[in-house]
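Please work through the following exercises with the sequence and the model at hand. Each task is followed by a solution in steps.

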Amino acid sequence: MPDISEWQGQLTSTEVQSLKSQADFVINRVQYGSSYEDLYHTSNESLYVKYGVPFGSYDYATFTSTATAKAEADKFYQRANKNTKFYVLDFETTSMSSTAANAAVKAWYTEMRSLTSKKLIFFIRTSHLQPHTPTRHGKVLMPSGLQITPRSRRFRSHCGNIPVAIIYLR
């Protein structure tokens, strides 16, 4: 699962065409919180659509409250290409208490669910899983020891070998 953000640069047509045979789908970062839009997501997403590469869109969460989580979800939905197959909340760091983080994640989810019926996925480090798992979630799709193995250096995940869990949100 290639994880594409501005760190991989603006993809070319040739690179995106080769992705089709390298991966079942890609995840593409749209924003780093509501105040920073990924530099190349629009261009890269247009190429995924043009060459038939299925993709999901993700929001690297920086919210610090329920209000900022809701605003971040709104901005994320506005920015994301509507051809995305699913939306991901990438929740890797927080200074919030577990109670505040649960409420903020729920606010993000509630706002996104009001905007789309597409799948919503919660991506979290396993070290955060117990205190920050939303109270309404589906099954864990990947084992906690998931390690992302890139097919090429260019598409190396920013997560490296950090254990993560991926959870469908209903």
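The exercises below treat salt bridges first and nonpolar cores second.

This is a predicted model, in which local features need pLDDT of at least 70, side-chain atom pairs count only at pLDDT 80 or more, and totals for chains, interfaces and linings use all residues. Residues are numbered from 1 along each chain as its sequence is written, and side-chain values use heavy atoms, with hydrogens and water left out.

**Exercise 1.** Determine how many salt bridges a search of the whole structure finds, and state which residues are linked in a network.

*Solution.* Step 1: apply the criterion, namely a side-chain nitrogen of Lys or Arg within 4 Å of a carboxyl oxygen of Asp or Glu. The search of the whole structure yields 3 salt bridges.

Step 2: examine the partners of Arg29. Glu6 pairs with Arg29, with 3.7 Å between the closest N and O atoms. Because Glu6 lies in the loop between strand S1 (3–4) and helix H1 (13–22) while Arg29 belongs to strand S2 (residues 26–32), this pair ties together parts that are 23 residues apart in sequence. Helices (H or I, at least four residues) and strands (E, at least two) are DSSP runs, numbered from the N terminus. Asp38 also forms a salt bridge with Arg29, and here the closest N and O atoms are 3.0 Å apart.

Step 3: combine these pairs. Glu6, Arg29 and Asp38 are linked in a network of salt bridges.

**Exercise 2.** Classify Arg79 and Glu37 as buried, partly exposed or exposed, and locate their salt bridge.

*Solution.* Step 1: the closest N and O atoms of Arg79 and Glu37 are 3.6 Å apart. Arg79 is in helix H3 (residues 66–79) and Glu37 in the loop between S2 and helix H2 (41–51), so parts that are 42 residues apart in sequence are tied together.

Step 2: use relative accessible area (buried under 20%, exposed over 50%, partly exposed in between; 1.4 Å probe, protein chains only). Arg79 counts as buried at 17% relative accessibility, whereas Glu37, at 33%, counts as partly exposed.

**Exercise 3.** Identify which element gives the largest share of the largest nonpolar core.

*Solution.* Step 1: a nonpolar core is a set of buried Ala, Val, Leu, Ile, Met, Phe, Trp, Tyr and Cys residues joined through side-chain atoms within 4.5 Å. The largest such core has 21 residues, and Phe63 and Trp108 are among those that touch the most other members.

Step 2: H3, strand S4 (86–91), helix H4 (98–115) and strand S5 (119–125) are the elements that give two or more residues to this core. The largest share, 7 residues, comes from H4.
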